[in-house]
Every structure is written in C-alpha cells, then in structure tokens.
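Work through the two exercises below with the sequence and the model side by side. Try each task before you read its solution.

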Amino acid sequence: MKKGKILVDDIEVFNYDSSKSEGWLSIYNIESGDEVIFIKEADNGTYTYQDDDYTIYKFLEQDVIVEISGYSVWKSYIKFLFKNKVFDTDGKLNDSNIETLKTKFDENITERTIKN
C-alpha cells in the first residue's frame, strides 16, 4: 500500500482511501473508480477494552459482510483477502471465494452483541 494504491507483486490492483483515526479503509476498482470493499474496525463501544474489538469486511457489489474478531494494520487485511483468493492481481473479485471467506471466518459479531 502506497500513495493511495494497493500493489501486489508491484502490480497496481486497487486504489484506496483510509482514515486511521476513524478506523476505516475503502478499496476502489482502478478502472471504474467504484468502491468494491469497505473495511471497518469496530471497538464494540469499549474504546479502552480491546478484547471485544473486531473487523468488518463489506463486499459492496456482492452485498456480503464478514465480521472477524480482533484487528490489525491495513496491510494485513489486504494480505488476508489476497491469501484467501478474494481478488486477483487484475483487481477482479471472486464471488465464490468471498462466499467461502464468509463461511469459514464470519463470526456474526454484530448480531451476537446487539443489546436489547
């Protein structure tokens, strides 16, 4: 990740924008400029307590949300998605692998922690 670009093996794959202070990362298709993935860090309303923090991955075109406990640095999120073949070096998202990611890793944290 450098200068608004996400690179894999020195190939520009996506553009991005982020806010560390607000805890989000938006990933855009290079050709169309459309936002394709939105990643948000959630502290579960407990800023100083980190054991309940989680990361939300929103695949906007597929209308798929994956929530995973904990969070890391932006670069790790991109590596995680690439390792799980969610996208290729052409910036193409793989719908089947997004569904597999959801099946394997989604913890449905928001639903489990909604307070009535």
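The exercises deal with paired strands and with one loop residue.

This is a predicted model, in which local features need pLDDT of at least 70, side-chain atom pairs count only at pLDDT 80 or more, and totals for chains, interfaces and linings use all residues. Residues are numbered from 1 along each chain as its sequence is written, and side-chain values use heavy atoms, with hydrogens and water left out.

**Exercise 1.** Find the bridge partners of Tyr28 in E4 and in E2.

*Solution.* Strands are DSSP runs of at least two residues, numbered from the N terminus, and two strands pair if DSSP finds at least two bridges between them. Begin with strand E2 (residues 11–19), which runs antiparallel to strand E3 (residues 24–29) and is joined to E3 by 6 bridges; here Asn15 stands opposite Tyr28. Next, E3 pairs with strand E4 (residues 35–42) in the antiparallel sense over 5 bridges, and in E4 the partner of Tyr28 is Glu35. Finally, look at the turns: Gly23, between E2 and E3, has a positive phi of about 75°, while Gly33, in the hairpin of E3 and E4, takes a positive phi near 80°.

**Exercise 2.** Locate Gln62 and describe what Gln62 touches.

*Solution.* First, place Gln62 in the loop between strand E5 (54–59) and strand E6 (64–69); these strands form a hairpin with 4 residues between them, and Asp63 in the turn has a positive phi of about 55°. Then list the contacts (heavy atoms within 4.5 Å): leaving aside residues up to four places away in sequence, Gln62 touches Leu93, Asp95 and Ile98. Lastly, the side chains of Gln62 and Asp95 make a polar contact at 2.8 Å, a term for a pair of N or O atoms within 3.5 Å, where within protein one must be able to donate a hydrogen and the other to accept it, and residues adjacent in sequence count only if both atoms are side-chain atoms.
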